[in-house]
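Please work through the exercises below on the structure shown here. Each task is followed by a stepwise solution.

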Amino acid sequence: MKNYYTKLQEIKKKGPIDFIKFDYCGEKIILKLVDESDETISLLTKWRTEYRDMFATDFIINEEKTREWIKNGILKNTDKILFVIYVNDQKIGIISHSNYDKNNNSCIMDTMMKDPNFQLPGLMTTIEKIYLKWVFDEFSLSKITGFLFSDNEIMMNIHKKCGWVITDVVPIEKVRLNENSESIWKKIDSDLGNIKASRYFNLIELNRKNLMKNFKDI
């Protein structure tokens, strides 16, 4: 039986082909492995800038960093894969998973992002359901985990429609990493006593059973 990492690399070797395809509200939806084209780099840089307050890490965002991230952080990363979402050949978003944990046979859904100017109600909920069903089936996982800011209500509502449950809510603080304006949101030590955090993370979890309960709505 092929392990998680072998399967991931076999998928990446196929390149940016039409990987997952389906129709939604009369539109053709396709997921392809992320590519290194100037268009993709420009779009991902733009979207990352627009959603920077919803990421756990922050840094100076530019196309050079995006290009490096795609090349080394994704395509050469044995533990992460990212797909670009196309609607009628237009790139409108991304979705990905990473961080396989062999101890509990799980991975993390770490990115789902859509061009804020593109509107098609219900699309991202449907994409998430289809993508995560594929992840469960392809990699035979026991569960998928994740985290997001508690004030990201739009994304949390999408997750709940897919069957995700909140397992914990933890206080976090923004920690500056260096003099280059890089920072990361980290969990506050619970031993600090009366904590007054500015933001919180929802820790979330999904199993296949809960996903399939909601899959019939597609």
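The exercises concern a sheet, the helices packed on it and one residue.

The model is predicted: local features need pLDDT of at least 70, side-chain atom pairs count only at pLDDT 80 or more, and totals for chains, interfaces and linings use all residues. Residues are numbered from 1 along each chain as its sequence is written, and side-chain values use heavy atoms, without hydrogens and water.

**Exercise 1.** Determine the strand order of the sheet and its edge strands.

*Solution.* Strands are DSSP runs (E, at least two residues), as helices are (H or I, at least four), numbered from the N terminus. Two strands pair if DSSP finds at least two bridges between them. The open sheet has 10 strands in the order E1-E2-E4-E5-E6-E7-E10-E8-E9-E3, with mixed pairing. Its edges are E1 (20–24) and E3 (57–58), each paired on one side only. Over 5 bridges, E1 pairs with E2 (residues 27–33) in the antiparallel sense.

**Exercise 2.** Identify the strands touched by helix H3 and the angle it makes with E4.

*Solution.* Contact means heavy atoms within 4.5 Å. Helix H3 (residues 63–75) packs on the sheet, touching E2 and E4 (80–87). Angles run from 0 to 180 degrees between N-to-C directions, with axes fitted to C-alpha atoms, for helices over the stretch in contact. The direction of H3 makes about 125 degrees with that of E4.

**Exercise 3.** Establish whether Tyr86 is buried or exposed, and list its contacts.

*Solution.* Tyr86 is found in strand E4. Buried means under 20% relative accessible area, exposed over 50%, partly exposed in between (1.4 Å probe, protein chains only). At 9%, Tyr86 is buried. Beyond its neighbours within four places in sequence, Tyr86 contacts Lys28, Ile29, Ile30, Lys32, Asp35 and Lys91.
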